[in-house]
Structure formats: C-alpha cells, structure tokens
Amino acid sequence: MNWLDQTVGFFSPRTGLRRARARAAMNILRRGYEGAKLGRRTEGWRAPGSGSNAEIAAALPRLRDRSRDLVRNNPYAAKGVNALVGNLVGSGLKARARAGDAALNDRADKLWTRFMAECDADGRTDFHGLQALVARAMVESGECLVRLRPRRTIDGLAVPLQLQVLEADHLDTLRSGEAKGGGFIHQGIEFDRLGRRVAYWLYPVHPGEVATFRRGSLQSKRVPAADVCHVFERLRPGQERGVPWFAPVIIKMRDLDEYDDAELVRKKIEACFAAFVLDADDGETLGEVSEDEAGRRIEAFEPGMIEYLPAGKDVRFAAPAASGGYPEYMRFQLHAIASGLGLTYELLTGDLSQVNYSSIRAGLIEFRRRMEALQ
C-alpha cells in the first residue's frame with residue numbers, strides 16, 4: 001500500500017480495505033493471461049462470446065457458397081477435397097456380418113451385397129459411391145443429409161429401402177419458432193422439449209435448381225428424424241449444423257489465387273515485348289491499331305512485340321525480371337492451407353520434392369489417425 005492508501009485506511013478502514021482489494025485485483029490482471037489484455041496489439045481483435053449455433057446461422061450460407069466456388073475454380077481446393085474423400089472413404093467402407101453363425105453370416109452378407117447395389121434412390125451408383133458423395137458434401141458444404149426412403153414390396157428390391165443423398169440446402173433454415181408439445185424449431189431442425197431431434201423440415205427440391213421455378217413456390221415438409229441421417233463433424237458441444245472444412249482457409253486461398261493470377265499476367269505482359277526501338281517517329285508501331293466507337297486508340301499485346309519509343313538512338317532487348325521468392329512464398333502459404341484443411345502439404349499439392357520416406361511417413365501417421373477417428 002502506498003502512503004495515500006495508508007492515509008485513507010487510517011481515517012476509514014472500510015474504504016481503505018476496498019482500495020487495497022481493488023489494487024490487488026489490478027495486480028492480478030497485470031500478471032494474468034496476456035491474450036486477455038486490452039491494448040494496442042489487440043485493438044482490432046473482435047472475439048464475440050456467441051454460441052456455435054448463433055455463429056453458424058449467420059455465416060453458414062456464405063461460407064458454403066464460397067467453399068463450393070473454391071472447389072469449382074481453385075485447383076488446390078479441388079485436390080484437397082479429392083484427397084480427403086479418397087482417404088476417408090477410398091473404395092468404400094465395407095461391412096461384414098459377425099453373428100456367430102456361419103450360415104447366417106453368409107445369408108446376411110449376400111443380402112447386404114444386393115442392398116449395396118440397389119440402395120441409391122437416384123439409381124446412379126452403389127453404397128460405396130454414396131459414401132464418397134456424402135463425404136464430399138461434408139467436406140465441401142460442411143454437412144449432408146441422407147434420407148431413408150422405404151419402398152414397397154412390389155418394387156422388387158432385396159431390401160425395401162433406398163437412400164437419398166441431399167445437400168444441406170434442402171433444409172428450411174427460415175423455419176424457426178415454437179413447435180407442438182413444448183418443443184421448438186431452429187434452422188429447420190425440430191427438437192422436443194428435452195432438446196432431442198424429432199424432425200427435419202426439408203424442401204422437396206433444391207432451392208437453387210432451375211426446376212424449382214417450374215414447380216411453383218417452395219414449401220418445406222416435415223420429415224421424422226428417424227428417416228434422416230444428418231452427417232457433419234461436431235466441433236463444439238451443442239452444435240446443430242456443420243461448417244465447411246474450408247472455413248479457416250477461404251480468404252487465404254482466395255488471396256493466394258489472385259496473387260498467382262497477377263503474377264502470371266505480369267509475366268505474360270513482360271513476354272510480349274521482345275525489343276524497344278528508340279528514336280522512332282511518334283506513334284509508330286508494328287502492331288495493328290484500331291479505334292473504338294468513342295475514338296479511343298486500341299492496341300493489342302502479343303508475344304514478340306517491338307515497341308518504338310521517340311527518344312534516344314538505340315535498340316534494347318527486353319529481359320523479363322525473375323520472380324524472386326515466388327516458389328518459397330507459394331510453398332509457405334500452401335503449407336498453411338494444408339494445415340487448415342487437416343491435410344499434409346504433399347497430399348494437397350502432390351509435391352514430393354521436399355520429403356523423404358521417414359518424413360512423409362511421420363506426416364501420414366497423424367493424418368491417418370484423424371481419418372480413422374472420422375470414419
């Protein structure tokens with residue numbers, strides 16, 4: 001305590017005690033977690049304490065659309081999805097009967113084999129193909145819905161059941177509020193009063209398909225939760241929806257893609273100029289010149305161009321500048337992207353120039369453990 005605290009404590013012990021406690025609390029904060037302090041270094045750091053569902057509800061549509069756009073147009077994103085699906089599912093997770101009766105096991109395995117060939121409600125692939133499709137949707141969109149479709153006996157199926165894989169867009173996220181029996185609906189998922197999932201509100205067609213407009217207005221329908229498999233990776237307790245696996249690296253991949261394009265355009269423009277001729281007449285050029293409707297002059301760049309400049313008396317040949325640090329920068333950024341996706345750098349890029357057998361094996365061991373946990 002300083003002299004002021006002692007003086008206050010002499011005349012008012014209770015006030016002095018409050019001052020001493022406040023000073024002790026301030027000292028504890030000064031010695032506490034550095035990441036919780038406020039100051040210049042954390043001035044722009046926004047860290048809301050919202051729950052997982054509140055964060056996902058606001059961000060998921062845009063995250064999902066941007067993630068799909070990356071997979072469509074970015075080669076590393078496409079390779080990342082293929083690598084994750086290939087290691088998570090591969091040629092398919094296989095099931096075998098283990099009932100303790102050899103005859104019963106054989107009958108069950110044969111029935112399962114027939115079911116795998118007929119289980120796709122769209123009739124396009126088998127059970128292993130559906131596994132890969134579900135895994136791809138989970139990585140790219142964050143989640144996937146598999147609807148169980150009971151069939152009639154007259155359909156001639158070995159098992160009167162088929163599986164329909166739906167994108168998460170089929171979920172009516174605008175439907176929220178109270179439900180019958182004291183339950184509630186949040187983002188199209190209906191819960192009972194104990195918080196258990198009892199139903200999903202699904203659109204009959206994808207809201208983004210052209211066929212949607214030919215069928216009139218969309219109206220979601222209630223589907224019991226027992227008939228829906230909601231596949232996603234839970235990252236926080238109480239999480240109701242899945243997040244695209246590209247969420248931590250979306251901005252980084254976008255920026256890296258634009259940087260790579262800018263570097264490519266710069267090299268292409270440099271390669272167009274072969275030589276510069278000095279002391280030329282003003283406006284003289286070897287290329288064809290045209291004008292647009294507004295009278296503005298248009299010239300085209302093409303490889304091997306010779307530019308005439310009205311100054312000096314010399315001919316100088318172009319020497320495109322080397323891209324210093326470009327390979328190292330790209331490799332460093334791709335390492336960060338691979339880490340965000342839960343991949344190794346080699347699986348993301350196919351670049352094996354920096355590894356040997358021991359190092360790549362050590363990296364794959366950890367990666368395979370993650371795949372086994374997800375399986």
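Buried means under 20% relative accessible area, exposed over 50%, and partly exposed in between (1.4 Å probe, protein chains only). This is a predicted model: local features need pLDDT of at least 70, side-chain atom pairs count only at pLDDT 80 or more, and totals for chains, interfaces and linings use all residues. Residues are numbered from 1 along each chain as its sequence is written, and side-chain values use heavy atoms, without hydrogens or water.

**Exercise 1.** Classify C229 by accessibility, then check its disulfide status.

*Solution.* Step one: C229 has a relative accessible area of 37%, so C229 is partly exposed. Step two: a disulfide needs a pair of cysteine sulfur atoms within 2.5 Å. The structure holds 0 disulfides. For C229, the nearest cysteine sulfur belongs to C144, 9.8 Å away.

**Exercise 2.** Test the span of helix α3 (residues 52-73) and locate its bend.

*Solution.* Helices are DSSP runs of H or I, at least four residues, numbered from the N terminus. The expected span is 1.5 Å times one less than the number of residues. With 22 residues, α3 should span 32 Å; its end C-alpha atoms lie 29 Å apart, which agrees. The bend is the angle between axes fitted to the seven residues ending at a residue and the seven starting there. At A59, α3 bends by about 55 degrees, and P61 follows within four residues.

**Exercise 3.** Describe the setting of T15.

*Solution.* T15 sits in helix α2 (residues 13-30). Its relative accessibility is 28%, so T15 is partly exposed. D5 is 10 residues away in sequence and 9.2 Å away in space, C-alpha to C-alpha.

Note on methods: Helix = DSSP H or I, 4+ residues; strand = E, 2+ residues; numbered from the N terminus.
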